[in-house]
Amino acid sequence: MRYFTTTAGWIEVIVGSMFSGKTTELLRRLDRMRRAGRKVQVFSRDRRFAENAVVSHDRLHTPSTWAETSAEIEAQLKPDTDIVGVDEGQFYDEGLVDVCRRLAARGRVVIVAGLDQDWRTEPFMVMARLMAEAEFVTKLNAVCSRCGNPAIRNWRKAAGGERILLGAEESYQALCRGCYEVAVLESRQIEMFPAAPPKSDEKP
Ligand SMILES: [Zn+2]
């Protein structure tokens, strides 16, 4: 029997809630690869922190290339790149799954960090599919800002329908499973019983 050798790479996915340290973990892994002499390229479509750089909350940073779509990641890839990092993967189209597949098949190591669910607890399909495709999946938790348990939810304090507000992390809170349910009930009560406006004839 004849075996064929393969030069394929692999896919790593880092998911979790906001404030769970996903970008820090991505940058740590990329830095490790860089120190070993591997050529690293990082893609992002998040300009919140800095132009052409991915920056974590603890201010680690790495140069990055802006890519609006998954196709732009593939188009801008340098021929000698060994390691491909993608930050905020949930903002990309689902074509990212096929791009990662192709890159791994061509010997690249692809590391994607991103949110696994939106503030309504609905999964981001691009990240869910990447988790199924990846060799390695790391799920990180934040600390619940109410009780200190592991937080998997992104509770949105501001009203509105968008899945994730870009550049508005102060509008979110990491909550655990239980505190999220309490927060949902509290918000419904606020909707049912809005605070009455003060009567104009009342003396303060
Ligand atoms: Zn909690």
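This report walks through a zinc site, a set of salt bridges and a run of parallel strands. Keep in mind that the model is predicted.

**The zinc site**

Let's start with the metal. Four cysteines hold the zinc ion through their SG atoms: Cys144, Cys147, Cys176 and Cys179, at 2.3 to 2.4 Å. What is the arrangement of the four donor atoms around the zinc ion? It is tetrahedral, because the angles they subtend run from 104 to 115 degrees. Read along the sequence, the donors follow the spacing C-x2-C-x28-C-x2-C. The pair Cys147 and Cys176 links distant parts of the chain, 29 residues apart. Cys147 belongs to the loop between strand S9 (142-143) and strand S10 (150-151), while Cys176 belongs to the loop between strand S12 (172-175) and helix H5 (177-192).

Are these two cysteines buried or exposed? Cys147 is partly exposed, with a relative accessible area of 41%. Cys176, on the other hand, is buried, since its relative accessible area is 6% and the cut-off for buried is under 20%.

**Salt bridges**

How many salt bridges does a search of the whole structure find? The count is 13. Here are some of them, with the N to O distance for each pair.

| Acidic residue | Basic residue | Closest N to O distance |
|---|---|---|
| Glu74 | Arg106 | 3.6 Å |
| Glu133 | Arg101 | 3.2 Å |
| Glu186 | Arg146 | 3.0 Å |

Take Glu74 and Arg106, whose side chains meet in a salt bridge. This pair links distant parts of the chain: Glu74 sits in helix H2 (residues 70-75), and Arg106 in the loop between helix H3 (95-105) and strand S7 (109-115), 32 residues apart. Glu74 counts as partly exposed, at 23% relative accessibility.

Next come Glu133 and Arg101, also joined by a salt bridge. Glu133 is in helix H4 (residues 125-133) and Arg101 in helix H3, with their positions 32 residues apart in the chain. Glu133 is partly exposed at 28% relative accessibility, and Arg101 is partly exposed at 37%.

Then there is the salt bridge between Arg146 and Glu186. Arg146 lies in the loop between S9 and S10 and Glu186 in helix H5, so this pair ties together parts that are 40 residues apart in sequence. That S9-S10 loop also carries the zinc donor Cys147. Arg146 is partly exposed, with a relative accessible area of 38%, and Glu186 is partly exposed at 34% relative accessibility.

Elsewhere, salt bridges form a network rather than a simple pair: Glu12, Glu25, Arg28 and Arg29 are linked this way.

**Strand S6 and its neighbours**

Now for the strands. S6 (residues 83-86) pairs with S2 (residues 40-44) through four bridges, and the two run parallel. Within that pairing, Phe43 has Val86 in S6 as its bridge partner. S6 also runs parallel to S7, again joined by four bridges, and here Val84 is matched with Val110 in S7. How does the chain cross from S6 to S7? It goes through H3, making a right-handed β-α-β crossover. Helix H3 is also the one that holds Arg101, the salt-bridge partner of Glu133.

Which way do the side residues of S6 point? Ile83 and Gly85 point one way from the strand, Val84 and Val86 point the other way, and all of them are buried.

Definitions and conventions. Residues numbered from 1 in each chain as written. Predicted model: local features only at pLDDT ≥ 70, side-chain atom pairs only at ≥ 80, totals over all residues. Heavy atoms only, no water. Donors = N, O, S within 2.8 Å, 3.2 Å for Na, K, Ca; no water. Tetrahedral: all angles 85-135°; square planar, octahedral: opposite > 155°, others 65-115°. Buried < 20%, exposed > 50% of the residue type's maximum accessible area, 1.4 Å probe, protein only. Salt bridge = Lys/Arg side-chain N within 4 Å of Asp/Glu carboxyl O. Pairing = 2+ DSSP bridges. Right-handed = clockwise from strand over helix to strand, strands pointing away.
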